[in-house]
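Visitor: I have a model open on my bench computer and would enjoy a walk through it. Could you show it and take my questions one by one?

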Amino acid sequence: MPDEQTPPAPAALPPPRRTRSNTVRIVAMLLVLVIGVPVIGFTLIDLAKGAGDGPTVGSPSPPTGPTAAADQDPSSGSFTGSDLEEALNIALASRNRAAFFSHVEGAAVEPLNLWWDNMDRIGWSEGALSILGPESVGYADHTVTVTVTLGAAMTFSPRVPAGTDHPDAGLTYVQSLRYSATIRVTDGGTSGVISEWGTYEQVAPWDVEPLYVVQTEHAVIAGYQDESALVDRVATLAESAAAYVIDAYEHERGYAPVQRMPLFITEDTARFERWFSSSDPAPISDWWPDRSGTNFTLASPAATAGLGAHVATGGDAGGVVTIGPSGILHGDTFLHSTMAHEFAHTMAAAMLPDRTGRDPTVSEGWATFLEGRFESDGREFAPHGVFGNWDTPIGSRIRQCYLTRFTGRFPVDTDFVDEETSNCAYAIAATVYSYATTIGINAYALAETAERNDQTLPQAARTLGGPELDEAGWVAFVAEHWA
């Protein structure tokens with residue numbers, strides 16, 4: 001089961017979200033969703049060509065002259081790929097397309113050209129590739145199939161300022177996924193040519209079709225080319241939601257590691273379900289069949305040959321948001337709030353690449369808290385009477401949910417499992433952060449401390465050495481404001 005989720009909307013309310021966090025690590029992958037109702041030896045060429053402005057690159061010509069010595073390589077042995085890794089990473093570091101594709105042939109040409117073209121559309125500064133597994137693996141018939149990571153430092157990838165207390169301060173995040181690569185082995189197992197390429201467990205939007213991308217000051221909005229009108233339409237909404245979350249972190253934490261929020265959007269259910277989907281242990285739709293949006297946390301590459309010291313390795317590398325039909329069909333107000341909620345997850349993932357906590361009360365409560373503030377133009381969380389005598393959407397949910405399900409107690413992780421209680425749990429968990437701010441606890445520090453140390457919110461408050469985050473005080477606070 002994913003570690004974070006959200007519930008169905010109470011009757012007569014706008015459909016709430018369900019969110020989970022999906023950390024796509026090098027070895028294992030976890031998941032964050034929000035649900036709506038009811039990436040030696042080269043002679044580097046001109047970098048202008050390397051930047052991907054030239055034509056699509058095809059299979060290289062068969063080796064001639066000295067290169068033909070590869071024919072005398074043993075047909076079997078141990079493959080390390082060290083020279084291949086170094087050559088590919090040198091090419092990726094400078095976006096040297098010709099150098100990279102000199103090591104690509106056959107069935108691998110088309111998917112890797114698509115990946116490269118889409119990185120150009122999104123905007124990227126460099127990439128990295130790592131061969132995973134033991135230092136060497138056996139190969140036969142000059143062929144080996146290995147798992148690799150491939151990723152890029154994209155326009156929206158986190159960049160943590162130097163001089164901060166962040167563990168990756170000053171480093172570049174290359175957001176990576178795992179792929180399957182079949183390699184025609186050369187040079188006694190140290191090099192080769194990629195002959196087949198496929199996705200592995202997850203399928204990113206950039207691995208499927210050519211993208212259509214709109215970039216604003218604070219967001220990168222992408223979809224497929226036949227849905228360009230949708231991307232254009234939601235760009236303004238994404239910009240304002242992204243700007244709010246970025247400004248909030250800069251004001252409260254002193255910096256925001258994500259300066260452009262990534263959003264991939266589609267009205268096609270099959271496309272949405274395919275993005276970052278996994279068949280192990282079960283498809284995403286088996287967990288939550290009606291997601292509105294999801295923040296997927298990607299991984300940094302493994303330390304490998306040819307990778308610059310400025311690239312962060314291991315751990316998480318920030319997130320990517322996807323929104324599907326259920327996030328769109330309920331109207332722009334719901335869509336706008338969904339964006340703010342998911343962008344809050346994206347920022348939290350970038351702030352804590354070493355987090356251990358997966359308590360949905362902590363993570364979903366936090367994202368809903370920022371969402372609630374966004375709904376009231378950042379003034380406060382879910383204030384009463386913002387729209388005449390009407391509550392904000394989250395305020396209405398709190399008012400309906402508290403008296404019926406949560407009177408007198410904090411929400412707990414099991415409240416986020418049952419569809420009947422999860423939407424309420426999101427909203428009620430957010431009130432714990434709201435209460436914390438009224439007794440002098442910094443909500444940002446509280447959320448980060450809880451996730452970093454795998455603590456509950458009251459435990460995190462004690463770690464911070466501040467006021468006690470007690471249940472009785474919270475009960476009185478909720479009753480005064482929403483009951």
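Visitor: In which helix does Asp83 sit?
Guide: Happy to start there, with the reminder that this is a predicted model. The C-alpha atom of Asp83 is separated by 7.7 Å from that of Ala305, which is 222 residues apart along the chain. As for its own element, Asp83 has its place in helix H2.

Visitor: Is Asp83 buried, partly exposed or exposed?
Guide: Buried would need a relative accessible area under 20%, and exposed would need over 50%. The value for Asp83 is 30%, so this residue counts as partly exposed.

Visitor: Helix H2 came up just now; which cavity does it help to line?
Guide: Helix H2 (82-93) supplies at least two lining residues, as do strand S4 (124-131) and strand S7 (175-186). Among the residues of that lining are Leu84, Leu88, Ile131 and Ile183. The space they surround is about 30 Å³. It is the second largest cavity.

Visitor: How many charged residues line the second largest cavity?
Guide: The lining includes Leu129, Val148, Ala181 and Ile194. By class, eight of the lining residues are nonpolar and no polar ones appear. The number of charged residues is likewise none.

Visitor: Why is S7 described as largely enclosed?
Guide: A residue counts as buried when its relative accessible area is under 20%. S7 is largely enclosed by the rest of the structure because, of its 12 residues, the number buried is 10.

Visitor: Which strand pairs with S7 over 10 bridges?
Guide: S7 has an antiparallel partner on the other side of eight bridges, strand S8 (residues 191-199), where Tyr179 stands opposite Thr199. The pairing over 10 bridges is also antiparallel. In that pairing, Ile183 of S7 has Val144 opposite, and the partner is strand S6 (residues 143-154).

Visitor: Which residue in the hairpin of S7 and S8 takes a positive phi?
Guide: Four residues lie between the two strands of this hairpin. The phi in question is near 55 degrees, and the residue is Asp187.

Visitor: How many residues join S9 to S10 in their hairpin?
Guide: Strand S9 (residues 211-215) and strand S10 (residues 219-224) run antiparallel and share five bridges. Within the pair, Val213 faces Ala222 of S10. The hairpin connects the strands through three residues.

Visitor: Which helix gives the most to the largest nonpolar core?
Guide: That core has 78 residues, and those with the most contacts inside it are Tyr249, Met339 and Trp366. A second, separate core has 47 residues, including Ala152, Leu177, Ile194 and Trp275. For the largest core, 13 residues come from one element, helix H5 (residues 228-253).

Visitor: Which tryptophan does Tyr249 touch?
Guide: Leaving aside residues up to four places away in sequence, Tyr249 touches a list that includes Ala344, Met347, Ala348 and Leu370. Tyr444 and Glu448 are also among its contacts. The tryptophan in the list is Trp366.

Visitor: Which helix gives the most to the lining of the largest cavity?
Guide: This cavity has a volume of about 100 Å³. Its lining has 13 residues, and Tyr249, Ala348, Trp366, Ala447 and Glu451 lie nearest the centre. Helix H9 (332-351), helix H10 (360-375) and helix H13 (443-453) each supply at least two of the lining residues. With four residues, the top contributor is H13.

Visitor: How many charged residues does the lining of the largest cavity have?
Guide: Eight residues of this lining are nonpolar and two are polar. The charged residues number three.

Terms used: Residues are numbered from 1 along each chain as its sequence is written. This is a predicted model: local features need pLDDT of at least 70, side-chain atom pairs count only at pLDDT 80 or more; totals for chains, interfaces and linings use all residues. Side-chain values use heavy atoms; hydrogens and water are left out. Two strands pair if DSSP finds at least two bridges between them. On a 1 Å grid over the protein atoms alone, a cavity is a set of points where a 1.4 Å probe fits but cannot get out, and a pocket is an open set with protein on both sides within 12 Å along at least five of seven lines; lining residues have an atom within 4 Å of a point. Grid points are joined across faces, edges and corners, and a volume is the space filled by probe spheres set on the points. Ala, Val, Leu, Ile, Met, Phe, Trp, Tyr, Cys and Pro count as nonpolar, Asp, Glu, Lys and Arg as charged, and the others, Gly among them, as polar. A nonpolar core is a set of buried Ala, Val, Leu, Ile, Met, Phe, Trp, Tyr and Cys residues joined through side-chain atoms within 4.5 Å. Buried means under 20% relative accessible area, exposed over 50%, partly exposed in between (1.4 Å probe, protein chains only). Contact means heavy atoms within 4.5 Å.
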